[in-house]
Amino acid sequence: MARADSVIAPEGGTLSLRYALIALLTGRPMTGYDISKSFSRSVAHVWHAPDSQVYPELNRMERDGLLDSVEVPWGKKGTKKEYHVTEAGLAEFRRWMESPLVPQRQRDPAYLKAAYFDFADPEAVREQLRQQQAYWEEHLAMLERTRATLVDRSHPTLAARLTKLNEREAELAVRYKIYAYDGLIARARTELAWIEDGFTLVDELHGS
């Protein structure tokens, strides 16, 4: 079954991560810490990446001229970098957004295992299905909550970006984000329906 952290991407993981980071920073300048927090509750829903990938990529993007940074106060005596998207970064992001999307072949162990469930004990199969079901139920609830904050425009990342947009631009930003989440929600519901079919099949083949 499709994982929540897998998406169709036109380029390799590192390149796709940098576009996800630019997308996040179009809302407002942020420190690495702020990016990490915001990433986990917005962009990570469509492109997952741990901090161990995010911070090195921010440094590479700055070296490549896609980001600029300034030192800002942090704590009592410290400072941290605050990242801004450069004009070159925005131009590169627009180029990527307008380029063709090349679908990636499926690589999901859950579907591979499902095709060979005959090698597993029926109760082990049911337990795997229960675990997957719990995951997708929780993920679906999170997506639906996030969608609601897009509809009422209270999502913090979106709200920051909307302050810089006119009414028409804001409508486009909101409607397209809702469209993306509608797709994620539909995918999660499809996974849950497929899992239910799995329970039914195990009962049919092995008895309830």
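This report looks at the main pocket and the aromatic contacts of a predicted model.

**The largest pocket**

A good place to start is the largest pocket, which has a volume of about 1,900 Å³. Its lining is made of 50 residues, and Ala23, Phe93, Trp96, Met97 and Lys177 are the ones that lie nearest its centre. Several elements give two or more residues to this lining: α1 (13-25), β3 (78-85), α4 (87-97), α6 (122-151), α7 (156-162) and α8 (167-206). The most comes from α8, with 11 residues. By character, the lining of the largest pocket divides into 31 nonpolar, 11 polar and 8 charged residues.

**Aromatic rings**

Across the whole structure, a search finds 6 aromatic pairs. Two of them are set out here.

| Pair | Centre to centre | Angle between planes | Type |
|---|---|---|---|
| Tyr111 and Trp194 | 4.6 Å | 45 degrees | tilted |
| Tyr116 and Phe119 | 6.4 Å | 55 degrees | tilted |

Tyr111 belongs to helix α5 (residues 109-115) and Trp194 to helix α8, so their pair ties together parts that are 83 residues apart in sequence. How accessible are Tyr111 and Trp194? Tyr111 is partly exposed, at 30% relative accessibility, and Trp194 is also partly exposed, with a relative accessible area of 30%. In the other pair of the table, Phe119 has 70% relative accessibility; exposed means over 50%, so Phe119 counts as exposed.

Ring pairs also link Tyr19, Phe93 and Trp96 into a cluster. Here you meet Phe93 and Trp96 again, two of the residues nearest the centre of the largest pocket.

One more ring is worth a look: Lys80 lies over the face of Trp74, at 4.4 Å from the ring centre.

Methods: Residues are numbered from 1 along each chain as its sequence is written. This is a predicted model: local features need pLDDT of at least 70, side-chain atom pairs count only at pLDDT 80 or more; totals for chains, interfaces and linings use all residues. Side-chain values use heavy atoms; hydrogens and water are left out. On a 1 Å grid over the protein atoms alone, a cavity is a set of points where a 1.4 Å probe fits but cannot get out, and a pocket is an open set with protein on both sides within 12 Å along at least five of seven lines; lining residues have an atom within 4 Å of a point. Grid points are joined across faces, edges and corners, and a volume is the space filled by probe spheres set on the points. Helices (H or I, at least four residues) and strands (E, at least two) are DSSP runs, numbered from the N terminus. Ala, Val, Leu, Ile, Met, Phe, Trp, Tyr, Cys and Pro count as nonpolar, Asp, Glu, Lys and Arg as charged, and the others, Gly among them, as polar. Rings of Phe, Tyr and Trp (its six-membered ring) pair if their centres lie within 6.5 Å; planes under 30 degrees apart count as stacked, over 60 as edge-to-face and the rest as tilted. Buried means under 20% relative accessible area, exposed over 50%, partly exposed in between (1.4 Å probe, protein chains only). A charge sits over a ring if NZ of Lys or CZ of Arg is within 6 Å of the ring centre and within 35 degrees of the ring normal.
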